[in-house]
Amino acid sequence: MKGPWSQVERLMDDLGQGYIEIDKDKRIRQINTRAMDMLGLTLKNKFCHGEGQIKEGDLVILADNVLGNDDGGLRPEDFRLINIKNKDLRLGDCILAIGTYKKDKKPHYKYYRNDQLVSNIKLESVYEGQKIEIEIQKDKRVISISLNGQAYPMSYQYAIGHMILLDGETKEVKFIQAPGYSIRREALKNILQGDFFQAKPTKNHEIRAIVLNSRFDLVSKEAEFNDILDGVLKGQIDKQVGELQEINKRLFLCDLIPMEGEDQKTREGLQIILHTAMEVERLMENKVPIIDRIERHFRKEVLFYREDKVQKSQFLGTSAQAREVRYLSYKAGQNKFTVLLTGESGTGKSMMAREIHGLGGKKAPFVEVHCNAISRSLFESELFGYEAGAFTGSSPKGKKGYFEKANGGTIFLDEIGEIPLDIQVKLLQALENKVIYPVGSSQAINIDVRIIVATNKDLEEEVAQRRFRQDLFYRINIFPIPIPPLRERGNDVYSLSNDLLNKICQKYGVPQKRLSHEAMEYILSYGWPGNVRELENCMERAVVLCETNLIYPEHLNILHQVHDTSLGDLLDLEEKRIIERFLLKNGGDRLKTAQDLKISKSSLYGKIAKYAIKA
């Protein structure tokens with residue numbers, strides 16, 4: 001390609017921006033390499049195959065992370081084509097499957113309700129002599145199919161279907177799903193229903209030739225964005241700069257610049273300039289509307305299959321960890337088995353215990369016991385109560401213990417690892433038999449309580465050191481819910497800080513305040529060793545100190561707080577933040593990140609492993 005437009009394309013490539021020019025009929029005139037990469041139109045050689053059509057007896061390997069919400073709208077009944085006739089399969093489920101097309105042969109498959117938010121869902125099988133692995137990595141938003149050791153990954157925003165077909169006789173690969181399948185009209189449902197699929201080119205300039213002169217609405221099927229394009233082309237909408245749009249199920253900051261005709265009255269087309277929505281600098285310039293839109297975008301995945309009650313959780317955030325905690329707490333609230341909450345101090349275990357209790361019935365009593373605040377000699381009487389005159393100094397009327405006060409409701413034993421071993425025996429008996437014996441009494445009291453316990457200790461290590469009873473550990477470890485530290489929850493810090501700010505302003509009856517750009521950067525760059533409790537204290541101090549409606553870094557008092565750490569730890573923490581920031585800026589591209597940081601790729605990989613960076 002030669003001429004002025006090729007220069008524009010190269011310039012946009014150099015700037016890391018996508019460039020597309022469409023005519024008044026929305027046909028693509030120009031598209032640069034960066035735009036093809038951003039829209040998922042670029043193929044790798046391993047995706048190549050000839051044209052064809054699915055035939056009876058072909059092997060089908062597929063995965064769909066949100067059944068019914070992928071581009072083709074694959075439905076449970078479509079799986080009958082590979083002999084999966086499970087009536088429990090529903091829209092919204094995750095499914096991984098291997099089967100033979102239109103043959104009465106036993107398939108291998110797994111499916112999950114999509115609200116079972118495990119990070120990785122995997123199916124491994126040797127089927128028809130082929131070693132097959134399928135994995136949905138929810139935390140990384142990747143579906144990967146591995147065939148005889150060769151992996152074929154597909155990334156996604158919130159929903160996608162991925163499939164490989166093998167010839168039933170030769171076992172040769174005849175079709176592989178790949179990025180850009182919407183423009184090739186190769187959605188899974190269409191292929192399974194017998195539609196022909198195109199040959200995949202071996203070189204990207206061949207793909208460009210297919211894309212050029214194609215209608216843009218074959219690339220973007222999102223009705224909202226296509227309506228906007230129509231409005232700009234018809235002159236009903238002026239140019240747009242920096243608007244967040246969804247294209248091919250990906251989020252972008254878009255500039256839409258109309259091209260006027262010679263009469264200056266009609267529009268002959270428009271230029272689309274794309275910037276990835278995950279560029280930190282652009283996000284922070286307009287952080288509130290952009291991040292709110294991103295949260296709504298990812299919430300589509302959740303709302304497609306989740307019950308409304310799960311969404312009412314106070315455990316905020318859109319990270320995979322936050323969503324999993326919300327779901328587990330919801331499930332715990334629907335039952336009365338013992339729940340074990342684990343996590344560092346300040347992660348919100350007490351709040352989670354109250355939430356689980358509330359889901360089971362808010363009118364029932366909730367008794368919170370801080371085990372680390374009870375004197376060793378008083379544990380038994382505090383937990384189980386005592387009879388009148390049971391010991392010197394006791395009340396002549398006796399006293400109800402925490403368990404009896406919680407009867408019919410929930411008792412929350414915070415820091416259960418602090419309970420002495422001799423009391424652990426009696427606690428185990430109470431949990432096993434549902435009865436307690438007050439101090440000084442031989443009369444049993446029946447109890448009906450939900451038990452929620454919490455600890456910031458490693459109880460397995462405590463058992464190994466004989467500081468915690470093994471039988472009690474097994475009894476309370478029925479439904480564990482690990483609550484992740486704030487530093488592992490990605491951009492959840494943003495939503496948490498704003499939510500806490502709103503609540504604190506209401507608590508003190510002060511006009512609503514908001515965080516300045518500099519304050520938000522300050523907050524996002526900090527490690528929060530004190531977790532949510534530290535963040536809440538920080539926001540409360542800022543509200544008290546700030547006399548205007550805009551909070552600045554000097555109101556936050558973050559980096560001046562003293563924590564027990566070494567200079568080496570602080571340097572490591574800062575190095576980790578820098579690497580994470582550049583990985584985010586480069587969309588996870590490790591080679592580009594290594595180049596920007598002026599270090600070798602092997603050095604970068606070593607640091608990613610050292611700091612357990614998820615990239």
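Q: What makes H10 and H11 oblique to each other?
A: Their axes are 8 Å apart and meet at an angle of about 45 degrees. Angles under 35 degrees count as roughly parallel, over 145 as roughly antiparallel and 65 to 115 as roughly perpendicular, with the rest oblique. An angle of about 45 degrees falls in that remainder, so H10 and H11 are oblique to each other. The angles run from 0 to 180 degrees between N-to-C directions, and the axes are lines fitted to C-alpha atoms, for helices over the stretch in contact.

Q: What kind of model is this, and how are its residues numbered?
A: This is a predicted model, in which local features need pLDDT of at least 70 and side-chain atom pairs count only at pLDDT 80 or more, while totals for chains, interfaces and linings use all residues. Residues are numbered from 1 along each chain as its sequence is written, and side-chain values use heavy atoms, leaving out hydrogens and water.

Q: What is the handedness of the crossing of H10 and H11, and which residues make the contact?
A: The crossing is right-handed (the near helix is turned clockwise from the far one by less than a right angle; anticlockwise would be left-handed). On the H10 side the contact (heavy atoms within 4.5 Å) is made by Val-325, Ser-329, Tyr-330, Ala-332 and Gly-333. H11 contributes Met-352, Glu-355, Ile-356, Leu-359 and Gly-360.

Q: How do you know that the span of H11 is close to the expected one?
A: The expected span is 1.5 Å times one less than the number of residues. For the twelve residues of H11 (349-360) that gives 16 Å, and the helix reaches 17 Å from its first C-alpha to its last. As for the name, helices (H or I, at least four residues) and strands (E, at least two) are DSSP runs numbered from the N terminus.

Q: Which residues of H11 are buried, and what do they pack against?
A: Buried means under 20% relative accessible area, exposed means over 50%, and partly exposed is in between, with a 1.4 Å probe and protein chains only. In H11 the buried residues are Lys-349, Met-352, Ala-353, Glu-355, Ile-356, His-357 and Gly-358. They pack against H10 and several strands, including S15 (339-342), S16 (366-370) and S17 (410-414).

Q: Why is Gly-440 called exposed?
A: Its relative accessible area is 67%, over the cut-off for the term, so Gly-440 counts as exposed. Gly-440 sits in the loop between strands S18 (435-436) and S19 (445-446). Beyond its neighbours within four places in sequence, Gly-440 touches Glu-387 and Ala-390. Its C-alpha is also 8.1 Å from that of Ala-388, 52 residues apart along the chain.

Q: What makes Lys-26 and Glu-415 count as buried?
A: Lys-26 has a relative accessible area of 6% and Glu-415 one of 11%. Each value is under the cut-off for buried, so the term applies to both residues. Lys-26 lies in the loop between S1 (18-23) and S2 (28-31), while Glu-415 is in the loop between S17 and H14 (421-433). Neither is a glycine, yet phi is positive, near 65 degrees for Lys-26 and about 55 degrees for Glu-415.

Q: Why is the pair H17 and H18 called oblique?
A: H17 and H18 (517-524) pack at about 125 degrees, with their axes 10 Å apart. That angle is in none of the parallel, antiparallel or perpendicular ranges, so the pair is oblique. Their crossing is right-handed. Val-493, Tyr-494, Ser-497 and Asn-498 of H17 meet Met-520, Ile-523 and Leu-524 of H18.

Q: How do you know that H17 and H19 are oblique to each other?
A: H17 (492-508) and H19 (531-545) have axes 9 Å apart and an angle of about 50 degrees, which therefore makes them oblique. Among the residues in contact are Leu-496, Leu-500 and Ile-504 of H17, with Val-532, Leu-535 and Met-539 of H19. The crossing of H17 and H19 is right-handed.

Q: Which elements are included in the cover of the buried residues of H19?
A: The cover includes H17, H18, S22 (514-515) and S23 (550-551). The buried residues of H19 include Val-532, Leu-535, Met-539 and Val-543.

Q: How many helices and strands does the protein chain have, and what share of its residues is buried?
A: There are 22 helices and 23 strands, and 50% of the 615 residues count as buried.
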